[in-house]
Amino acid sequence: MSLLRQNAQQEMDDAARGEALTKGTSHVVWATIAAAVLVSAAIALYVIAGEKPPVASGEILEVWAHPMHTVTPSFDANGDAMSQSTFDQVLVFARVRLHNQSKVPLFLHQILANVSHPDGNIDSSYAASASQYERVFLAYPELAQWRTPALSTDDFTLEPGQTVEGTFVSSFRMAREPWDARKALDFTFNFRYQKPVKLAPAVAVTDR
């Protein structure tokens with residue numbers, strides 16, 4: 001065999017080995033990708049299987065607010081002069097329907113109304129108790145025409161499968177301007193020994 005043919009044969013052998021190496025590398029790459037996909041899918045299934053649905057579902061049926069600008073009297077009960085003060089307040093009323101979709105009783109002990117502002121700050125206010133809710137309409141009789149039955153927040157027990165409906169009120173020391181400029185409003189329902197349930201109203205918030 002001539003030197004020329006030996007060189008040609010060597011080049012052909014090298015090319016064949018290179019092609020085989022490339023094919024082998026390609027198989028390894030595809031196997032690695034397939035394994036990564038399978039691992040990712042397994043992790044996703046594990047996470048989904050481990051997640052539990054919320055213990056309660058619900059719906060905000062109605063939300064209305066009553067902004068107030070109050071100026072205290074310039075005299076006391078005896079008629080003596082006294083300095084005046086002013087304060088702003090927004091009463092937020094929400095009518096909600098809650099459903100216990102778990103297999104255990106739920107103990108509702110706290111509701112928070114949350115106002116998100118454009119700057120990212122959040123103001124939160126606890127809902128008043130049922131007795132305080134009733135006193136609001138005694139203090140502001142002009143609101144009595146919109147009164148609906150109260151939702152108890154005094155360690156109320158919601159049995160498995162039970163659905164309840166009621167209204168609660170929260171108070172914010174806030175002027176009308178930041179209230180009107182709010183970015184969002186939602187409500188957090190805290191149940192003992194369970195994760196909180198957050199609901200946002202799908203209805204428009206009205207002022208009264």
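**Note on a predicted model: Y193, helix α2 and the largest pocket**

1. Y193 is exposed, its relative accessible area being 74%, and this value lies on the exposed side of the cut-off because exposed means over 50%. The structure discussed here is a predicted model, and each point below should be read as a description of that model.

2. The backbone at Y193 also deserves a look, since phi of Y193 is near 65°, a positive value in a residue other than glycine. Most residues other than glycine have a negative phi. As to its place in the chain, Y193 sits in the loop between β7 (184-191) and β8 (197-199).

3. Helix α2, which spans residues 130-139, has Y133, V136 and F137 as its buried residues. Seen down the axis of α2, these buried residues fall within an arc of 90°, so they line one face of the helix. Against which elements does this buried set pack? The buried residues of α2 pack against two strands, β2 (86-100) and β6 (163-172). On the other side of α2, by contrast, L138 and A139 are exposed.

4. The largest pocket has a volume of about 290 Å³. Its lining is made up of K52, P53, P54 and V55, together with Q101 and S102, and with Q194, K195 and P196. By residue class, the lining of the largest pocket divides into 4 nonpolar, 3 polar and 2 charged residues.

How values were computed
Residues are numbered from 1 along each chain as its sequence is written. This is a predicted model: local features need pLDDT of at least 70, side-chain atom pairs count only at pLDDT 80 or more; totals for chains, interfaces and linings use all residues. Side-chain values use heavy atoms; hydrogens and water are left out. Buried means under 20% relative accessible area, exposed over 50%, partly exposed in between (1.4 Å probe, protein chains only). Helices (H or I, at least four residues) and strands (E, at least two) are DSSP runs, numbered from the N terminus. The arc is that of the directions from the helix axis to the C-beta atoms. Contact means heavy atoms within 4.5 Å. On a 1 Å grid over the protein atoms alone, a cavity is a set of points where a 1.4 Å probe fits but cannot get out, and a pocket is an open set with protein on both sides within 12 Å along at least five of seven lines; lining residues have an atom within 4 Å of a point. Grid points are joined across faces, edges and corners, and a volume is the space filled by probe spheres set on the points. Ala, Val, Leu, Ile, Met, Phe, Trp, Tyr, Cys and Pro count as nonpolar, Asp, Glu, Lys and Arg as charged, and the others, Gly among them, as polar.
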